[in-house]
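This briefing sets out selected features of the structure shown below. The points are grouped by topic for use in modelling work.

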Amino acid sequence: MLPRTSRVVVQEGPRQLGLRELPIPAITDDSAILRVEACGICGSDVEQYTGTIPIPLPVIPGHEPLGVIAAIGDRAAQRWQVDVGDRVAVEAPIPCGHCRACLEGRYHVCRGRGTMFAHGYIRLDHAPGLWGGYADYMYLDPCSIVHKVRPDIPASLAVMFNPLGAGFRWAVEIPETGPGDTVLILGPGQRGLASVIAARAAGADTIIVTGLTRDAPKLSIAKQLGADHTIDVEQEDTSRRVKDLTDGRGADVVIEVSSYATAPVAAALHYVTMGGRIVLAGIKGFKAVPDFVSDLIVVKEATIRGAFGVTARAYDAAIRLIESGRVPLALMHTHDFALADAERAIQMLAGEIPDEASIHSCLLPDALSA
Ligand SMILES: [Zn+2]
Ligand SMILES: [Zn+2]
């Protein structure tokens, strides 16, 4: 039933991706093989591709896979409560289950099996090799984490469990967003839009999203997904607009999901209300933040939290929302790519392809190459 080999995309070095054919490993009683239906492309794929984040190479990238169980050991089937033919969303981290982080429920930052022991980040020569989602088939470790997803939703939308899960954890779970809260989201990328959806689902009162002038299409989608107001930070005085929209109070919750720009981090301290919560989730290439006035945190008694990964609870909320059909998620999904076009997919998200930009995109192994 299973083919002998799988097509995989292998990264050999910075900006070096190639298609290869590798054997599909045998399973044990505790492991499984996933037939990949779709794999989401996210900002960290860009950083991995360019070498901005150092990843051991060679590697099969792809840490946002959705697929169907193609083969599974009896014990794995029992533990995960899934069987051959079931559709699952796979979390990236493969936690050890025994370290302090795991025991305290922060399994997504587990380092028990090494730093970044996660689907899409483990070296190809670490047996059995097929660890990444840019492939027809992927290996599921006994400690991989899977969530069942209904099979009748188009794969390119179901695979949004990943950005949406981040939205629920970063914009709702961590800042404890609820009814009455004004939520200000800095950055209208896929994580920013997912934060709009999650904050709306959590009952937030007013949702405001900021972006650059070139982000106009994304800001318009933000409105269609539930944002009340959008701000073009290049054309408008953001501080003044936030004040006007909040009766001079500032935002209860500020979510920073812009990529690379450090100015929004410093500005967040000005936008947040007394006692408000700021969540920092946009990676800045480890740059220092100029004009960061820490006194504002003191005098406002503001809380600043970092957010890196997602938790099972947030993924479950995301999957339920996808299954509900309540939100027009297709607005966010702009591109499907074939495996052979992985490089183009990443370059498009990075804005390196003239005149064409993606918001949410994914690889569909079955798609035909452009
Ligand atoms: Zn990702
Ligand atoms: Zn652990």
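Two strands are taken to pair if DSSP finds at least two bridges between them. Strand 8 (residues 182-186) and strand 9 (residues 206-211) are joined by 5 bridges and run parallel. The model is predicted. The topics below are the sheet, the two zinc sites, the helix packing and some local backbone features.

**The open sheet**

- The sheet is open and consists of 6 strands in the order 10-9-8-11-12-13, with parallel pairing.
- Its edges are formed by strand 10 (229-232) and strand 13 (303-306); each has a single partner strand, so one side of each is left without a neighbour in the sheet.
- On average, and with direction ignored, neighbouring strands of this sheet are turned by 15 degrees against each other.
- Within the pairing of strand 8 with strand 9, L186 stands opposite T210, a residue of strand 9.

**Zinc ion (ligand 1)**

- Three protein residues coordinate the zinc ion (ligand 1): C42 through SG, H63 through NE2 and E64 through OE, at 2.1 to 2.2 Å.
- Along the chain, the donors of this ion follow the spacing C-x20-H-E.
- C42 is located in the loop between strand 3 (32-41) and helix 1 (43-50), and H63 in the loop between helix 1 and strand 4 (65-72), so the pair ties together parts that are 21 residues apart in sequence.
- C42 has a relative accessible area of 5% and is therefore buried, the cut-off being under 20%.
- H63 is likewise buried, with a relative accessible area of 7%.

**Zinc ion (ligand 2)**

- The zinc ion (ligand 2) has four cysteine SG atoms as its protein donors, from C96, C99, C102 and C110, and they lie 2.3 to 2.4 Å from the ion.
- The angles subtended by the 4 donor atoms range from 103 to 118 degrees, which makes the arrangement around the zinc ion (ligand 2) tetrahedral. That assignment requires all angles to lie between 85 and 135 degrees.
- In sequence, the donor residues show the spacing C-x2-C-x2-C-x7-C.
- C99 belongs to the loop between strand 5 (87-90) and helix 3 (100-103), whereas C110 belongs to the loop between helix 3 and strand 6 (137-140); the pair therefore ties together parts that are 11 residues apart in sequence.
- C110 counts as buried, at 13% relative accessibility.

**Packing of helix 5**

- Helix 5 (residues 161-173) packs against helix 11 (residues 312-324) at an angle of about 120 degrees, and the two axes are 8 Å apart.
- Helix 5 and helix 11 are therefore oblique to each other, and helix 5 passes helix 11 in a right-handed crossing.
- Helix 5 also packs against helix 6 (residues 190-201), here at an angle of about 60 degrees and with the axes 7 Å apart.
- This angle makes helix 5 oblique to helix 6, and the crossing of these helices is right-handed.

**Cis peptide bonds**

- The peptide bond between L57 and P58 is cis, with omega of about -5 degrees. P58 is part of the loop between helix 1 and strand 4.
- A cis peptide bond also joins A127 and P128, with omega of about 0 degrees. P128 is part of the loop between helix 3 and strand 6.

**Positive phi values outside glycine**

- R15, a residue other than glycine, has a positive phi near 55 degrees. R15 is placed in the loop between strand 1 (5-13) and strand 2 (16-23), and its relative accessibility of 38% makes this residue partly exposed.
- D247 is not a glycine, yet its phi is positive at about 55 degrees. D247 is placed in the loop between helix 8 (238-245) and strand 11 (251-256), and this residue is exposed, with a relative accessible area of 75%.

**A buried loop residue**

- M332 lies in the loop that runs between helix 11 and strand 14 (333-337).
- With a relative accessible area of 0%, M332 is buried.
- M332 and R87 are 245 residues apart along the chain, and their C-alpha atoms are separated by 22 Å.

Notes. Residues numbered from 1 in each chain as written. Chains lettered and ligands numbered in written order. Predicted model: local features only at pLDDT ≥ 70, side-chain atom pairs only at ≥ 80, totals over all residues. Heavy atoms only, no water. Helix = DSSP H or I, 4+ residues; strand = E, 2+ residues; numbered from the N terminus. Axes fitted to C-alpha atoms, helices over the stretch in contact; angles between N-to-C directions. Donors = N, O, S within 2.8 Å, 3.2 Å for Na, K, Ca; no water. Tetrahedral: all angles 85-135°; square planar, octahedral: opposite > 155°, others 65-115°. Buried < 20%, exposed > 50% of the residue type's maximum accessible area, 1.4 Å probe, protein only. Parallel < 35°, antiparallel > 145°, perpendicular 65-115°, else oblique. Left-handed = near helix turned anticlockwise from the far one by under 90°.
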